[in-house]
Amino acid sequence: MTNIKKCLEYGNSKNYILFPEVRNEFTIKYVKDNYYGLNELINKADLILKEDSPKITFNMYMSFKKTGDRLKFENAYFKRREQLFVPILAYILTKDVKYLPFIEEKFWEWCDLYSWELPAHFNITENENEIDDDPATAVALFASETAFFFSEIISIIGDKMDKFLVNRIKREIFRRVINPYMSKKYWWESTHMNWASVCAGSVGATSIYLIDDVETLAFIVERVLKTMDIYIDSFDKDGLITEGLTYWYYGFSFYVYFAELLKERTGGKINLLHGNNKIIKIACLPQILLFPSGSFVNFSDSGIGKWNGDSGLFSKLESSLGIHGYNYKNSLNLYNDHTFKWATMIRKLFWTNFKNLMNNTCVKTGCYYFSNSQWLVDRRLTDKEKFVSFSAKGGNNDEPHNHNDLGHFILHYDGEDIFIDIGAPEYVKEYFRNETRYKFLAASSFGHSVPVINGSLQCYGKKFYTKVKEFKEDNPKICFTLNLKNAYSCKELIDYERKFIWNFKELILEIFDNFKFSKNNNEIEEIFITNIKPQSVNDGELLISSSSGLVNLLYDKNIFCDIEKHNYKNHYGIEKNIYRIVFKINTNNLKEFNFKIKIKINEK
């Protein structure tokens, strides 16, 4: 506390400026001159001026409790964010006062909103004795974000807004977020996942903007720093977090936002990004998990589809940490996050080094093995300069945003995911209850490229885990062997090992599964998940036709193969389907059985 207070007082003596880039006329002109989407932004803002605000009704709040549906409320909530933040960006860049009355009305609506938090994150009950927190003052992801965003906005343009409104916004921030935080402890302060960074970082950033009293601010900063230490501890020694890339982005971006504001507030005395080798490893994670096409290694709830990075965050990490290697292609899109995070949007504009946007071809290659988390990611360019990646994972089945997916793998070639992870499904209430979560295709081992053994799927819990038997690089082959016996609760299973041999030169992936049982006549279903419909061409051969090449699956022709089509709702509630290749095996009189499949990518 004493050291933090001294640092804050030093910042006072240096006349600190928070987020100086957005207050500098030269920087504003630089953004206007270089941001290719300026006209689009202005046009979008002008259209928004003509829109009505979406209603947020009592029924929307209750729909999550009654049906588990989140989308009705969230679509309206995030649309209101867009309607507020886009005109503010346009105003900052153009100084056109026509936006101000609209911005003020939108702020008033936010002040009137019952809760700034999503219904999924607070308790809705008719029994007053069961309410731990008033939902109107729940401090979770989105309320804390909102407090951060609003405090930053009024710091930037509050002098152009009505003073009564600005004071009301401040009062609402204190009532809904800062005062509750000062008066109680929250579970997310000690959790090893993105909530720790987003919630604590947002509370810390809000306090830096709004609290002048050094004693009070030092108290909050010290508490936030403890939570940030816990968050950084959630990464393994090589910089991986098992939540995956999109949650890396969510959590680590807020870590950086808070770190930069704290550095500015203390005149550079407290710099969370400086002198920490683990931070550098964490910062480099997108260079390993993100592919040139925007696809990525999406184990767990990382989502599916494309993520093109964040030019503002990448530029800040490069300049602060002295690292390079990000792919900036399509990374300056203000609207590709449906949640419309103000802090992200404004920093994409004012942190981006626009020269970096010319770097569209940077592809890091090599083999990356995260021994603590038991992830393997191999990235290569083929002889025809096509990008190819093989990824596989072990670990345990009680990881943040967990799927029961031990021994699962992803194969990506030239912008197309051949063997896939479904990623995050639609977030509904039942998905966040352990008793129902693993009935969802996306989370169950049924929806992953792992076997079903005597009718048993993998089980949830930390006691269900893998051991790495071997990791070996023998150019051009990579061998990764996992013992998966403890991933299942099948009582007849004595031992099970899965060996991956990936030849990145010949583009051949071989998978060997070795089973040992305590009895004869065991039934095994070997599963492989793809979103491209396979075709049977010969006994013992399947063909997957991708846009860039043909993929052959070769297996024992005496094994029966079935192709199943399954539907699910993706993270945005859109119906999707995948194909489940099922090899059905009976071991007959054998207590030991070996299965082998060969996957060959044939370049066009």
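Buried here means under 20% relative accessible area, and the views below, drawn from a predicted model, use the word in that sense.

**View 1. The surroundings of His401 in the loop between strand S4 (396-397) and strand S5 (409-413).** With a relative accessibility of 13%, His401 falls under the 20% limit and therefore counts as buried. The side chain of His401 is joined to that of Tyr427 by a polar contact of 3.4 Å. When neighbours within four places in sequence are left aside, His401 is in contact with Met193, Asn194, Glu243, Tyr247, Ser300, Asp301, Tyr427 and Arg437.

**View 2. The largest nonpolar core, which holds 153 residues.** Tyr35, Phe107, Phe150, Trp248, Phe252, Trp342 and Phe350 are the residues that touch the most other members of this core. Helix H11, spanning residues 245-265, gives the most to the core, with 14 residues. Apart from this core lies another, of 47 residues, which includes Cys367, Ile453, Leu484 and Ile532. In soluble globular proteins, nonpolar side chains tend to be buried together.

**View 3. The contacts of Tyr35, one of the residues that touch the most other members of the largest nonpolar core.** Leaving aside neighbours within four places in sequence, Tyr35 is in contact with Leu41, Leu332, Leu334, Tyr335, Leu349 and Phe354.

**View 4. Two buried cysteines, Cys111 and Cys199.** Cys111 has a relative accessible area of 3% and is therefore buried, being under 20%, while Cys199, at 0% relative accessibility, counts as buried by that limit too. With a disulfide taken as a pair of cysteine sulfur atoms within 2.5 Å, the count of disulfides in the model comes to zero.

Definitions and conventions:
Residues are numbered from 1 along each chain as its sequence is written. This is a predicted model: local features need pLDDT of at least 70, side-chain atom pairs count only at pLDDT 80 or more; totals for chains, interfaces and linings use all residues. Side-chain values use heavy atoms; hydrogens and water are left out. A nonpolar core is a set of buried Ala, Val, Leu, Ile, Met, Phe, Trp, Tyr and Cys residues joined through side-chain atoms within 4.5 Å. Buried means under 20% relative accessible area, exposed over 50%, partly exposed in between (1.4 Å probe, protein chains only). Helices (H or I, at least four residues) and strands (E, at least two) are DSSP runs, numbered from the N terminus. Contact means heavy atoms within 4.5 Å. A polar contact is a pair of N or O atoms within 3.5 Å; within protein, one must be able to donate a hydrogen and the other to accept it, and residues adjacent in sequence count only if both atoms are side-chain atoms.
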